[in-house]
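Good morning, colleagues. Please take a moment to look at the sequence and the structure as they appear, and then I shall begin.

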Amino acid sequence: MSALARIFATPQGIVFLVAVLFAVVLGLLNPAFFTPSTLIDLARNGLVTGIFALGVMMVLASGGIDVSHTAIGAFAMYATMKIILGIDLDLPIVAYFVIAATLGAGLGLINGLLIGGLGLNTLIVTLGTLSFFRGALLTFLGTTYITSVPREVINFSRTILIRIENAVGQMVSLPASFLVLVAVAIVLAIIMNFTLFGRKVYAIGGSEEAAQRIGIRIKRVKVMIYVIAGAIAGLAGMTHVTLSRMANPFDLVGMELNVIAAVVLGGARITGGHGTVLGTLLGVFVITMINTTLLMVGVPSYWQKFVIGCLIIVGTGLPIIFDRLAKHRRRMARPLEA
Amino acid sequence: MSALARIFATPQGIVFLVAVLFAVVLGLLNPAFFTPSTLIDLARNGLVTGIFALGVMMVLASGGIDVSHTAIGAFAMYATMKIILGIDLDLPIVAYFVIAATLGAGLGLINGLLIGGLGLNTLIVTLGTLSFFRGALLTFLGTTYITSVPREVINFSRTILIRIENAVGQMVSLPASFLVLVAVAIVLAIIMNFTLFGRKVYAIGGSEEAAQRIGIRIKRVKVMIYVIAGAIAGLAGMTHVTLSRMANPFDLVGMELNVIAAVVLGGARITGGHGTVLGTLLGVFVITMINTTLLMVGVPSYWQKFVIGCLIIVGTGLPIIFDRLAKHRRRMARPLEA
Amino acid sequence: QDAKHTIVTVVKLSGIAWFNRMEDGVAEYASETGHDATQVGPASADAALQVQMIEDLIAKKVDAITVVPNSPEALEPVLGKALDAGIKVIGHEASSLENVTYDVEAFDNAAYGRHLMEALAQAMGGEGEYAVFVGHLTAKTHNEWVDAAIEYQKEKYPDMKLVTDKLESNEQQQTAYQKTKELLRTYPNLKGIQGSAGEDVVGAALAVEEAGLDGKVKIVGTSLVSVAGPYLETGAIDMISFWDPAKAGIAMNKVASMAIAGEEVTDGMDLGVEGYNEIKLDGKVLYGQAWVDVTTENMDEYDF
Amino acid sequence: MNEEANPGAPILQMRDIRKAYGPVRVLEDVNLELREGEVRCLAGENGSGKSTLIKILSGVVQADAGTVTLNGETLKNDPMRAISAGLSVIYQDFSLFPNLTVWENIGFLRSVTAGDAVHRARARRRQAVETLKRMQVEIDPDAPVELLPVASKQLVAIARALANEARIIVMDEPTTALTRSEVAHLLEIVDALKKDGVSFLFVSHKIEEVFAVCDTVTVLRDGSVVVEGPIGEFDAGRLVEAMTGRSVDSQRLPREESPLHPPFLAASSLGRRGDFSEVELELRPGEIVSVVGLLGSGRTELAQTLFGYMNPDAGRIQIEGETVKFGSQHDAIAHGIAYVPEDRLTEGLFLNQPIGDNITVSSLEKSTSFGIVNATALLDRARKAVKNLRIKTPDVTPAVATLSGGNQQRVVLARWMERAPRLLILNGPTVGVDVGSKREIHELLVSLSRSGTAVMVVTDDIPEAIALSDRILVMVRGRITASFDAATVDEDTLYDEVIREDRT
Ligand SMILES: Nc1ncnc2c1ncn2[C@@H]1O[C@H](COP(=O)(O)OP(=O)(O)OP(=O)(O)O)[C@@H](O)[C@H]1O
Ligand SMILES: Nc1ncnc2c1ncn2[C@@H]1O[C@H](COP(=O)(O)OP(=O)(O)OP(=O)(O)O)[C@@H](O)[C@H]1O
Ligand SMILES: [Mg+2]
Ligand SMILES: [Mg+2]
């Protein structure tokens with residue numbers, strides 16, 4: 001197989017190629033596309049999805065699925081703001097993230113206990129908790145926007161990592177919250193690749209029964225997986241606040257299928273055992289690019305759905321077709337005499 | 001095990017008991033609840049969810065999952081109205097349903113070919129087609145309400161099966177579209193229980209490998225499953241039009257997780273091989289009751305999410321706990337000598 | 001005019017009749033003036049999606065953005081960013097917006113709310129229970145209408161009674177329908193419903209008709225003939241009011257052009273658009289007198 | 001070819017079958033014929049290609065070259081056509097529907113071949129009940145298959161093949177989970193059907209079964225047919241030699257006497273409601289103890305209780321003199337106990353993950369420092385283990401699913417040996433393993449035991465128990481009824497003891 005063919009034979013490869021193609025077309029239609037500012041813009045727009053996606057990737061790698069992550073994120077962000085406004089202390093911004101991650105981990109623990117402890121199906125549990133967490137948020141915590149966010153949050157959201165001028169003289173800036181994504185990505189990559197825990201996650205995703213037989217404490221590992229995923233979702237929620245400078249309890253929920261689509265485009269398999277941090281980030285990048293740049297070239301927004309739908313299907317379907325063709329060709333290439 | 005305990009040991013049993021309990025509480029809070037009109041009201045409110053749920057149940061029984069059904073329903077309903085307004089012929093109302101079912105079957109065929117033909121993962125494919133069908137609808141068919149629906153539709157939606165007066169002198173009526181649900185339920189029950197095709201669906205849900213080995217043509221059966229599910233979704237879409245007397249292309253999509261929750265509450269397993277028509281209808285009934293009656297007793301609407309979340313978790317969790325307890329008790333009842 | 005301006009109108013939700021009509025006005029303005037005036041809107045009425053669209057418009061460096069926000073507060077930061085980038089921002093249905101150059105309102109919201117309540121009270125005979133719908137509890141305009149209406153009722157029609165808090169329809173006919181049904185069951189003596197979003201009265205009318213209560217429960221609210229027509233015809237809806245979104249679209253674009261050109265907008269000025277012939281300027285907000293009432297009698301005059 | 005042995009036209013012909021998975025050639029120019037009423041044994045070591053040949057025959061797997069002709073009709077890679085042409089297969093992994101009832105599982109094949117449109121529930125159930133009765137097995141026809149123990153599942157798989165009124169029945173190791181009496185019934189049925197002209201293709205690693213039932217033998221080695229002929233031309237030694245290419249000793253393994261160590265694990269009056277009671281057991285380093293007994297005698301439960309997978313209701317377990325209580329199997333693992341389950345396919349292996357990972361996954365700690373795993377060290381260990389256990393694979397990277405059954409079993413063993421356990425409990429360690437490999441595994445276990453590990457083997461293979469163990473315990477209805485020195489006991493004595501309760 002040629003190098004190109006080999007790339008085409010993986011879902012990530014297809015997705016990557018489509019993304020490149022897409023970018024080229026966009027660039028032809030709108031030359032302003034090929035500027036560093038576009039990249040920064042995409043990085044900013046894909047921030048929250050990216051953080052969510054990393055948590056979801058770990059869950060997928062363990063053979064589960066998590067649709068409750070957005071509800072956890074929304075709950076954690078809103079509760080954090082309530083708590084901080086309630087205690088009225090000047091906390092550093094790191095404390096905000098710690099609180100949000102802790103709350104997220106707490107909600108993740110509920111998922112984990114139900115899934116690991118009771119052994120319930122992950123889709124069912126997270127469907128339930130998606131509804132449950134969201135209902136709890138709106139019923140008990142409130143339904144009004146918090147626009148008077150503390151000064152620390154505003155300051156943090158004004159902290160800029162890179163600021164460059166784009167072609168038409170406007171400033172495009174990468175907010176400091178991008179560091180949250182970077183940090184989560186690095187930590188998760190280390191966990192998944194270099195720790196025993198990460199290996200166990202992939203093992204469970206491969207075969208739960210087998211993992212149990214060799215003495216992996218599945219329950220514990222699973223609880224841990226959902227706690228970590230919850231903490232990551234909490235961080236995503238808090239990041240969302242620093243980007244929008246307000247806490248809207250209605251935000252975030254509704255994007256869960258989008259996040260899962262990104263993770264899957266990034267090569268994680270819904271059947272478990274597979275998934276990488278880098279692939280996931282690529283998937284998020286592609287989805288974000290499609291979601292935010294079609295408008296730039298004047299394509300109506302409904303096309304986005306259409307294009308993403310195509311991409312998911314093509315990205316998972318083409319590798320299989322190529323694989324079949326390659327197999328057929330290999331078989332045909334063999335001499336008739338054994 | 002006592003009879004009660006045995007009921008408690010199945011998810012449907014739990015759900016049913018919770019529903020009864022819930023109804024009793026509602027009745028105490030608002031005596032108007034225990035009237036035939038409540039039942040009719042619930043039947044009408046759960047109509048569209050119910051039809052969708054039956055199609056989803058079949059897919060779940062085969063070991064798949066379908067999140068694209070709402071997009072198929074929306075596409076079929078809107079396209080049907082466009083076609084009929086376009087050809088400007090006086091067709092009987094049955095023709096409307098036939099057109100919608102045919103369109104739905106056509107879209108289902110796309111799912112079927114991708115899942116059965118290419119062997120792609122069902123969640124990925126239907127995630128993709130959910131986005132794809134919806135994008136196609138809004139991009140190519142239109143985004144405006146159709147309020148000037150043909151006279152046949154209005155007439156049909158004014159055709160009433162049962163009309164009774166409730167305690168306060170208002171009319172509560174069961175529209176003729178209820179017959180669509182009844183018809184779909186009966187036909188599906190026959191298919192699933194009395195045809196070999198139905199048994200093959202359960203067989204594939206139980207073990208695909210085994211099904212293939214005993215000569216079941218999995219691809220064909222799968223394509224057929226998604227075609228039928230698509231047709232059912234088309235009928236649900238058309239039913240929605242006859243209830244709301246307008247075709248809004250933005251309707252329906254967004255309720256897919258709700259439908260799946262209903263099916264799961266009704267005892268279908270996400271891992272395949274299980275699911276009944278009756279159970280599904282029960283699940284829909286419970287979800288509808290919670291969704292529409294909490295306001296009657298003055299509970300804010302966000303509680304609904306909270307309650308449904310709890311119910312999903314309890315409904316799937318309790319049977320497992322009961323099962324464990326029962327097993328333990330049975331063992332303890334045995335004599336110590338083997 | 002030699003300079004060609006790029007003006008983009010960002011609406012709450014694309015595809016619904018209301019904003020399609022506004023798009024007609026925007027297109028009319030574009031063809032009359034030669035400016036590049038267009039309209040965009042998200043697929044669901046979601047403030048976050050609007051924020052994203054405006055971010056993109058800032059990146060595209062348009063000359064002016066006119067916006068009908070889903071949630072004014074949510075848009076403040078991004079609109080501020082637009083102003084910083086030298087883009088003119090014209091609001092509509094959002095008199096509270098701070099980060100705008102001007103805000104164009106078809107009328108004073110309180111006056112409009114009182115007007116609707118007057119119509120409802122007339123239909124109800126000045127007494128009985130009623131309920132009110134808003135599109136979103138966070139939609140400023142709807143709340144201003146309804147708040148003024150309720151206040152007006154308390155003052156002028158003490159025999160009328162609001163039965164429950166403002167109901168939220170999410171601008172969806174299905175939601176309005178569902179909640180009206182629940183309302184009718186919970187408050188069987190209900191006699192009136194006032195809607196705010198264009199879908200509210202339609203959903204309410206369907207529920208009322210199904211309950212066999214048409215004529216007994218009066219329905220008044222903001223909507224369009226193309227949406228509420230069938231129910232106006234049968235009398236299930238007593239009266240709808242609206243301001244012509246096309247005219248509002250033209251007025252917004254006109255103000256935007258003036259702002260780009262650096263022209264001043266003054267109190268009492270004539271924008272040359274029907275209903276905006278003598279505007280009232282209050283800070284950055286300018287009000288017209290552009291409401292239209294429609295009943296069975298005059299519904300044929302409107303085709304949108 | 002020996003035409004005289006079985007007159008009559010061949011109803012099945014496989015010609016020049018060739019199959020490769022990637023670079024691995026699994027079958028090369030295999031020819032096979034089957035006549036009416038013939039029982040042909042397909043013999044060969046693990047990985048010689050038996051299951052693959054069967055899958056090609058049934059149309060589940062496509063051959064790269066060659067033809068399959070059934071009743072004069074050339075089959076084209078379509079299970080449906082093969083089944084309607086009269087072929088029934090009992091697969092090595094059963095291929096049942098766990099969610100369906102026993103009777104529906106048995107009847108399904110028939111429904112599919114008959115091309116039924118409607119579900120004829122009553123007729124199918126009746127046929128299923130009749131078939132079960134004919135096999136003299138008592139299984140509730142209305143129970144869902146997922147609740148059955150492995151042995152019953154295998155019986156249901158056999159019943160399904162028999163119920164289909166097939167002309168050719170292929171059995172890929174049908175007796176791995178069965179006890180002697182069940183095997184005897186099965187062989188009786190085979191004999192009876194044979195008289196009606198039904199042909200069989202029979203795969204088994206149990207040599208005595210082969211000689212008991214087969215008329216002809218085809219031996220595969222490394223994907224090619226090495227010998228073929230009537231069973232009369234073979235004796236056990238020759239058959240094994242044909243399969244392995246060398247002669248294999250079936251006698252008790254020689255071993256050096258090991259001094260009597262104090263027991264590593266001792267159980268006294270151990271009991272569990274409904275499963276076993278009053279079990280006294282001592283497992284010592286340097287000694288191999290076998291527990292033999294019939295299905296349902298409680299052997300598995302005893303083993304699992306010692307592994308902490310189940311809780312005992314009575315008695316106590318001591319490890320090196322200390323009374324212990326296992327909360328879960330993790331406690332047992334922490335004490336150095338390892339357990340190799342009987343159902344390796346579903347319980348033991350990560351089928352879709354690389355061989356290397358499967359070998360090292362339970363001993364990652366060994367190559368871990370400060371929570372960080374050393375990947376190169378893992379790879380080295382895996383390669384060494386593959387070499388030590390002679391696992392047939394080009395590398396440690398392919399998925400375990402690509403290995404044959406016997407080689408998969410070795411992977412399971414390799415994994416546990418990586419942990420260097422103090423006590424190794426094996427449940428049916430050589431189920432589905434060919435004679436050559438079996439011997440090698442036995443040798444491995446003996447050397448493991450001599451190096452100071454306590455070994456307990458649960459098996460129903462009496463020759464295996466004698467060849468392998470130092471001490472043999474017999475379990476009847478939950479009680480240990482006898483203990484023998486393996487060096488002196490003979491097969492018949494042992495078998496009599498095992499079925500003692502049956503006769504009374
Ligand atoms: N799907 C597959 N992909 C790659 N290689 C395979 C696959 N299936 C089987 N093989 C290889 O084909 C060879 C023959 O396997 P097969 O299962 O036919 O052996 P067998 O004779 O049935 O052995 P056993 O007695 O252990 O069951 C083995 O080397 C195995 O590794
Ligand atoms: N999951 C289950 N549900 C119901 N009954 C079961 C289940 N598992 C086992 N049994 C029953 O428990 C008894 C013991 O079965 P099991 O196969 O474990 O015996 P065993 O002593 O291990 O024999 P062997 O080792 O030969 O399999 C059997 O009668 C079986 O029917
Ligand atoms: Mg085999
Ligand atoms: Mg057993």
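A residue is called buried when its relative accessible area is under 20%, exposed when it is over 50%, and partly exposed in between, with a 1.4 Å probe and protein chains only. V277(B) has a relative accessibility of 9% and therefore counts as buried.

Before I continue, a word on the basis of what I present. This is a predicted model, in which local features need pLDDT of at least 70 and side-chain atom pairs count only at pLDDT 80 or more, while totals for chains, interfaces and linings use all residues. Residues are numbered from 1 along each chain as its sequence is written, chains are lettered from A and ligands numbered from 1 in the order in which they are written, and side-chain values use heavy atoms, with hydrogens and water left out.

The model scores ipTM 0.76 and pTM 0.80. For chain D, the mean pLDDT, that is, the predictor's confidence in each residue from 0 to 100, is 84. In that chain, 94% of the residues reach 70 or more. Over residues 1-6 of chain D the pLDDT is below 50, and this stretch has 10 contacts in the model beyond near neighbours in sequence. A contact here means heavy atoms within 4.5 Å. Among the elements of chain D, helix α18 (residues 500-503) has the lowest mean pLDDT, 52, and strand β20 (residues 454-459) the highest, 92. Helices (H or I, at least four residues) and strands (E, at least two) are DSSP runs, numbered from the N terminus.

Which pair of chains shares the most contacts? Among the 5 pairs of chains that touch, it is the pair of chains A and B. Chains C and D, by contrast, do not touch, and their nearest C-alpha atoms are 40 Å apart.

I turn to chain A. Its secondary structure comes to 15 helices and 2 strands. Of its 338 residues, 60% are buried. Among contacts in chain A with a separation of 6 or more, 75% join residues 24 or more positions apart. One residue to look at is T239(A), placed in helix α12 (residues 218-244) of chain A. Is T239(A) buried or exposed? T239(A) is buried, because its relative accessible area is 0%. Setting aside residues up to four places away in sequence, T239(A) touches L47(A), V48(A), I51(A), F97(A), S177(A) and V180(A).

In chain B, let us return to V277(B), which is in helix α14 (residues 277-293). Leaving aside neighbours within four places in sequence, V277(B) is in contact with L54(B), M57(B), A185(B), L188(B) and A189(B). The C-alpha atoms of V277(B) and V184(B) are separated by 9.8 Å, although the two residues are 93 apart along the chain. Elsewhere in chain B, helix α3 (residues 36-45) is mostly covered, with 8 of its 10 residues buried. Its buried residues include I40(B), L42(B) and A43(B), as well as D41(B) and R44(B).

Chain C offers V255(C), in helix α9 (residues 245-261). V255(C) counts as buried because its relative accessibility is 0%. Beyond residues up to four places away in sequence, V255(C) touches I90(C), Y102(C), V104(C), V265(C), L271(C) and L286(C). V265(C) lies 10 residues from V255(C) in sequence and 7.7 Å from it in space, C-alpha to C-alpha.

Finally, chain D and ligand 1. Which residues come nearest to ligand 1? Of the 18 residues around ligand 1, they are N46(D), K50(D), S51(D), T52(D) and T402(D); a residue is near a molecule if one of its heavy atoms lies within 4 Å of it. By class, this shell has 3 nonpolar, 12 polar and 3 charged residues. The largest share, 3 residues, comes from α1(D). An oxygen atom of ligand 1 is 2.8 Å from an N or O atom in the side chain of K50(D). Polar side-chain atoms of T52(D) and Q92(D) lie 2.6 Å and 3.1 Å from an oxygen atom of ligand 1, respectively.

Two backbone angles in chain D also deserve a look. Most residues other than glycine have a negative phi. S269(D), in strand β11 (residues 265-272), has a positive phi near 45°. E278(D), in strand β12 (residues 276-283), likewise has a positive phi, near 50°.

Thank you for your attention.

Notes
Polar contact = N/O pair within 3.5 Å; in protein donor to acceptor, adjacent residues only side chain to side chain. Nonpolar A, V, L, I, M, F, W, Y, C, P; charged D, E, K, R; others polar.
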